[in-house]
Amino acid sequence: MTIETEQRAQEQANLREGQAFKPLRAGDHSTLAPAQETPTEARQGFLGRPVLMVLVGGLVLAVIAWFVVEKSV
C-alpha cells in the first residue's frame, strides 16, 4: 500500500462502529494510476448487528414454515 492508503486505513481503523468515513473518490484515478483501496473501502458491505438480525430472522421464518408444512402433511 502507498503512504496515502496506509494513512486512510489508519484513520478508518480509529473510527467507532457506525461512524462514517470519507469515501475514496473515483474521479481522481485512471487506468495508469488505479485507486488503491483500504480493506474497509474494498468491502462490499459492513457486517454487524443488522446483518445478523436479518440472518437469524430468515432462519426463524424458515423453521416456522417447515413446521407448518410438516403439520399439514
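These legends go with a set of close-up views of a predicted model.

**View 1. The whole chain, built from helices.** Three helices and zero strands turn up in this chain. Starting at the N terminus, the order of elements is α-α-α. Not much is tucked away here: of the 73 residues, 7% are buried. The chain exposes about 6,800 Å², and carbon and sulfur atoms supply 63% of that area.

**View 2. Helix H1 and its two sides.** H1 covers residues 3-13. Have a look at Thr-5, Arg-8 and Gln-12, which are the buried residues of this helix. Looking down the axis of H1, you'd find these buried residues within an arc of 60°, so they line one face of the helix. Now for the other side: Ile-3, Glu-11 and Ala-13 are exposed, and they sit on the face of H1 turned away from the buried one. What do the buried residues of H1 pack against? Their partner is helix H2, residues 39-42.

**View 3. Arg-8, a buried arginine in H1.** Zoom in on Arg-8, which belongs to helix H1. Is Arg-8 buried or exposed? Its relative accessibility is 14%, and buried means under 20%, so Arg-8 counts as buried. Another residue to pick out in this view is Glu-41: in sequence, Arg-8 and Glu-41 are 33 residues apart. In space, their C-alpha atoms are 9.5 Å apart.

**View 4. Helix H3, out in the open.** H3 takes in residues 49-72. Is its length what you'd expect of a helix with 24 residues? At 1.5 Å a residue, H3 should span 34 Å; the C-alpha atoms at its ends lie 35 Å apart, which agrees. As for cover, the number of buried residues among the 24 in H3 is zero, so this helix lies largely in the open.

**View 5. A nonpolar patch on the surface, with Leu-61 as one of its members.** Six side chains are worth labelling here: Leu-52, Val-56, Val-60, Leu-61, Ile-64 and Val-68 make up a nonpolar surface patch. Together they have about 550 Å² of accessible area. Leu-61 is a handy one to zoom in on, and its place is in helix H3. With a relative accessible area of 58%, where over 50% means exposed, Leu-61 counts as exposed.

How values were computed. Residues numbered from 1 in each chain as written. Predicted model: local features only at pLDDT ≥ 70, side-chain atom pairs only at ≥ 80, totals over all residues. Heavy atoms only, no water. Helix = DSSP H or I, 4+ residues; strand = E, 2+ residues; numbered from the N terminus. Buried < 20%, exposed > 50% of the residue type's maximum accessible area, 1.4 Å probe, protein only. Areas by Shrake-Rupley, 256 points an atom, 1.4 Å probe, with all protein chains shown as cover. Arc of directions from axis to C-beta. Contact = heavy atoms within 4.5 Å. Patch = residues over 30% accessible without salt bridge, like charges linked within 9 Å, V, L, I, M, F, W, Y side chains within 5 Å. Salt bridge = Lys/Arg side-chain N within 4 Å of Asp/Glu carboxyl O. Expected span 1.5 Å × (residues − 1).
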